[in-house]
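Reader: I've got a protein model open and I'd like to learn how to read it. Can we go through it one feature at a time?

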Amino acid sequence: MDTGLEIPGEVQYPSSPVLVPPGRPTPRRTLYLSNLDDQRFLRFSIKYLYVFPAAAAVSAASLRAALADALVEYYPLAGRLRHGDEEGKLVVECNAEGALFAEGSLPGLAADDFLRGGGARPHRSWRKLLYRVDSHSFVAVPPLVVQVTHLGCGGMVLCMAINHCLCDGVGTAQFLNAWARAARSSGIVGDNPVVHDRCALRPRCPPRVEFAHPEYHCHDAAADDGASNLLAHLLGQPLAPVSLTFSAARLAHLKKQLLLKRCTSFEALAGTVWRAWVRALDPPATLHVKLLFSVNARRRLTPELPDGYYGNGFVLGCAESTAGQVAAAAPMPTVVRLVQEAKERVDDAYVRSMVDLLEEHRRGVDGGAKPDLSASLVISAWTRLGLEDLDFGAGAPAHMGPLTSEIYCVFVPVAGDPGGVTVLVSVPQAATDKFEHYCCNPMDAAGVAETGSGAMATGNGMLERDEKQQPCHGHEIKIDYK
């Protein structure tokens with residue numbers, strides 16, 4: 001089975017990693033993290049990978065110097081996490097200890113290798129492209145770890161791990177572009193000043209949880225116990241990474257097919273992928289399934305979060321139904337409408353209630369609220385954030401995406417196609433062909449039907465005649481429409 005580009009050999013490090021502190025004195029303070037920042041399920045680092053061809057590569061020395069400049073404004077990323085005085089809370093000690101910066105080389109690897117032969121799909125061997133910090137706990141790892149790896153073609157791979165408790169995708173894009181501007185000598189701060197303060201998202205006193213919040217609460221766990229155990233068994237099988245690229249034109253065609261008055265590319269694609277995921281796993285039709293996805297709350301709050309706020313401003317949206325409805329009974333536009341309704345629920349009152357829910361659980365015996373992942377697909381959208389527009393002075397990357405493939409799904413921007421999206425997700429090996437097929441045929445109403453026993457039977461859906469695509473086999477396909 002083709003599982004993506006495997007990188008041979010080991011990275012050669014000419015010297016030990018160094019700590020890069022801010023280039024000028026910065027405030028010494030303890031930074032409060034909101035309840036959205038230090039959720040238990042966000043206590044990890046997001047790992048990004050950028051591939052620059054030789055023409056767009058820059059020296060490690062210039063990257064390191066520009067990083068020091070950028071950390072003057074984003075100085076918490078040069079600090080260290082620690083446990084705060086409040087029970088269960090993390091804070092950032094802004095002590096200018098520095099970000100970890102490693103430099104290595106892989107002469108046997110070329111930038112073009114990532115652009116052919118399955119390079120869009122992360123492989124476990126890619127982990128060598130980011131320096132591993134030996135640490136006894138998550139808190140002790142520097143919030144920002146960077147590695148630049150020089151390639152035999154003259155290009156470079158730039159990887160970084162950014163602590164999710166400090167910033168979300170929007171905040172990460174702000175920081176990375178500030179770093180790139182510093183490298184281009186274009187100044188550090190963009191159009192808006194950097195906002196460190198997280199107090200706009202403090203919980204109310206006393207907390208008031210005013211909504212059910214299905215994104216955190218399990219649905220009738222006793223009734224679904226047998227079905228959930230089945231799904232846990234399915235997801236416990238060996239996983240295979242899947243990569244599907246939808247061009248901007250293909251997404252426009254998909255939205256046209258849905259016949260909805262309004263529909264974004266995310267809503268159409270999220271509904272398509274969720275339905276394909278349920279169909280491919282083939283759970284009992286009565287199983288309650290959920291789609292959890294990130295919703296940017298910055299403009300949904302009253303007052304809105306200020307421009308330049310780089311903390312976590314995303315919350316989880318939750319669409320839910322039975323597996324039978326998502327996979328077969330409901331027409332495709334109805335599934336997409338479930339996604340839209342989940343987005344519409346997220347307003348100021350809903351976000352404040354979620355912050356208060358996290359506060360109540362933080363102080364409880366359960367160690368903090370956790371998303372309901374028992375029968376859920378999780379989608380994180382990296383599109384339309386500016387993550388791909390990273391130019392350190394010599395040109396844009398040829399590829400960007402996650403360093404590793406996870407069971408949650410990532411929507412990644414496509415280089416050279418501003419409206420295109422690559423879907424990356426790992427599914428059980430036995431389900432990959434079906435998952436790809438159903439993603440290729442999202443409007444196939446007869447693709448799966450409920451049977452009397454609750455099982456599902458597949459049909460033979462076909463693409464529209466004027467849709468052009470590569471055959472749905474292997475584990476990286478590109479879907480286009482012209």
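Reader: Let's begin with a pair of helices. At what angle do helix 5 and helix 9 pack?

Author: Keep in mind that this is a predicted model. Helix 5 (residues 265–281) and helix 9 (residues 432–440) pack at an angle of about 145°, and their axes are 8 Å apart. The crossing of helix 5 past helix 9 is right-handed.

Reader: Which residues of helix 5 and helix 9 make the contact?

Author: Start with the general idea: an α-helix has 3.6 residues a turn, so residues three or four places apart point the same way. Now the case here: helix 5 brings Thr272, Val273, Ala276, Trp277, Arg279 and Ala280, while helix 9 brings Lys434, Phe435, Tyr438 and Cys439. By type, the residues of this contact are seven nonpolar, one polar and two charged.

Reader: Okay, on to helix 8. Is helix 8 largely enclosed by the rest of the structure or not, and why?

Author: Count its buried residues, where buried means under 20% relative accessible area. Twelve of the 15 residues of helix 8 are buried, so the helix is largely enclosed by the rest of the structure. Among those buried are Tyr350, Met354, Leu357 and Leu358, but also Asp348, Arg352 and Glu359. Strand 11 (314–322) and helix 7 (332–345) are included in what covers them.

Reader: How far apart are the end C-alpha atoms of helix 8?

Author: They're 21 Å apart. At 1.5 Å a residue, the 15 residues of helix 8 (residues 348–362) should span 21 Å, so the two agree.

Reader: What about unusual backbone spots?

Author: Here's the rule of thumb: most residues other than glycine have a negative phi, and most peptide bonds are trans. Leu259 isn't a glycine, yet its phi is positive, about 60°. Leu259 sits in the loop between helix 4 (248–258) and helix 5, and is exposed at 75% relative accessible area. Arg384 also has a positive phi of about 60° without being a glycine. Look for Arg384 in the loop between strand 12 (376–381) and strand 13 (399–402); its relative accessibility is 71%, so it counts as exposed.

Reader: And which residues does a cis peptide bond join?

Author: One joins Cys205 and Pro206, with omega about 0°. Pro206 is in the loop between helix 2 (169–183) and helix 3 (225–235). Another joins Thr302 and Pro303, with omega about -5°, and Pro303 lies in the loop between strand 10 (288–296) and strand 11.

Methods
Residues are numbered from 1 along each chain as its sequence is written. This is a predicted model: local features need pLDDT of at least 70, side-chain atom pairs count only at pLDDT 80 or more; totals for chains, interfaces and linings use all residues. Side-chain values use heavy atoms; hydrogens and water are left out. Helices (H or I, at least four residues) and strands (E, at least two) are DSSP runs, numbered from the N terminus. The expected span of a helix is 1.5 Å times one less than its number of residues. Buried means under 20% relative accessible area, exposed over 50%, partly exposed in between (1.4 Å probe, protein chains only). Contact means heavy atoms within 4.5 Å. Axes are lines fitted to C-alpha atoms, for helices over the stretch in contact, and angles run from 0 to 180 degrees between N-to-C directions. A crossing is left-handed if the near helix is turned anticlockwise from the far one by less than a right angle, and right-handed if clockwise. Ala, Val, Leu, Ile, Met, Phe, Trp, Tyr, Cys and Pro count as nonpolar, Asp, Glu, Lys and Arg as charged, and the others, Gly among them, as polar.
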